[in-house]
Amino acid sequence: MNTILVLDRDKSIADQLKSGLPKKGFEILEGERAGRLKSLVASHSISCVVLTVTKEKGDGLTVLDEIKREDPNLPVIVLTQEGEVKPAVEAMKKGAFYCLQKPVNREHLIMLLEKAVQEIRDGVAALAEVCRK
């Protein structure tokens with residue numbers, strides 16, 4: 001099972017994902033910002049993170065930095081408020097897998113989560129193949 005960590009004060013994103021992802025082999029884990037981040041990442045095998053970043057509160061970019069320090073290969077899908085371009089650009093520079101503006105199309109987000117997890121699997125498989133040679 002793939003575990004998706006949702007870091008968003010707005011519970012609606014996690015609720016949207018909970019309605020469609022368990023059927024596809026995904027577990028949704030909710031967290032509150034940096035306070036529990038390290039314990040959540042350490043105690044669960046996280047496949048991908050969904051993180052909200054806003055220009056009013058720059059803490060989302062700080063959390064993205066922390067995630068990338070802990071695991072540079074962990075894909076992070078960043079959500080921004082409609083019309084917020086600067087936080088999205090900053091997030092991409094810091095290594096976000098993809099950025100979406102709210103309101104989020106649930107099917108598009110699920111497709112991105114599946115793609116992110118598949119890219120990680122492909123990378124692990126390629127690394128394993130290199131190590132076997």
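A residue counts as buried when its relative accessible area is under 20%. Keep that cut-off in mind as we walk through this predicted model, beginning with strand β4. Five of the five residues of β4 are buried, so the strand is largely enclosed by the rest of the structure. Both of its faces are covered: Val76, Val78 and Thr80 are buried on one side, and Ile77 and Leu79 are buried on the other.

Now let's place β4 among its neighbours. The model holds an open sheet of five strands, ordered β2-β1-β3-β4-β5, with parallel pairing. At the edges sit β2 (26-31) and β5, each of which pairs on one side only. From one strand to the next, the twist averages 20°.

On one side, β4 pairs with β3 in the parallel sense over four bridges, and here leucine 51 has valine 78 of β4 as its bridge partner. On the other side, β4 (residues 76-80) and β5 (residues 98-101) are also joined in the parallel sense, over four bridges. Follow the residues along this second pairing: isoleucine 77 stands opposite tyrosine 98, leucine 79 stands opposite leucine 100, and threonine 80 has glutamine 101 as its bridge partner.

How does the chain get from β4 to β5? Together with helix α4 (residues 86-93), the two strands make a right-handed β-α-β unit. The helix lies across both β4 and β5, and runs at about 165° to β5. After α4 comes glycine 95, which has a positive phi near 105°.

Helix α4 itself has two contrasting sides. Which of its residues are buried? Pro87, Ala88 and Ala91 are. These three sit on the same side of α4, because they cover an arc of only 100° around the axis. A rule of helix geometry is useful here: an α-helix has 3.6 residues a turn, so residues three or four places apart point the same way. The cover over the buried residues of α4 includes α3 (59-70), β4 and β5. Turn to the face directed away from that buried side, and you find the exposed residues Lys86 and Lys93.

To finish, look at helix α1 (residues 12-20). This helix lies across four strands, namely β1 (2-7), β2, β3 (46-52) and β4. Its direction is at about 165° to β2. So β4, where our walk began, has both α1 and α4 lying across it, and its residues are buried on both faces.

Note on methods:
Residues are numbered from 1 along each chain as its sequence is written. This is a predicted model: local features need pLDDT of at least 70, side-chain atom pairs count only at pLDDT 80 or more; totals for chains, interfaces and linings use all residues. Side-chain values use heavy atoms; hydrogens and water are left out. Two strands pair if DSSP finds at least two bridges between them. A crossover is right-handed if, with the strands pointing away from the viewer, the path from the first strand over the helix to the second runs clockwise. Axes are lines fitted to C-alpha atoms, for helices over the stretch in contact, and angles run from 0 to 180 degrees between N-to-C directions. Contact means heavy atoms within 4.5 Å. Buried means under 20% relative accessible area, exposed over 50%, partly exposed in between (1.4 Å probe, protein chains only). The arc is that of the directions from the helix axis to the C-beta atoms.
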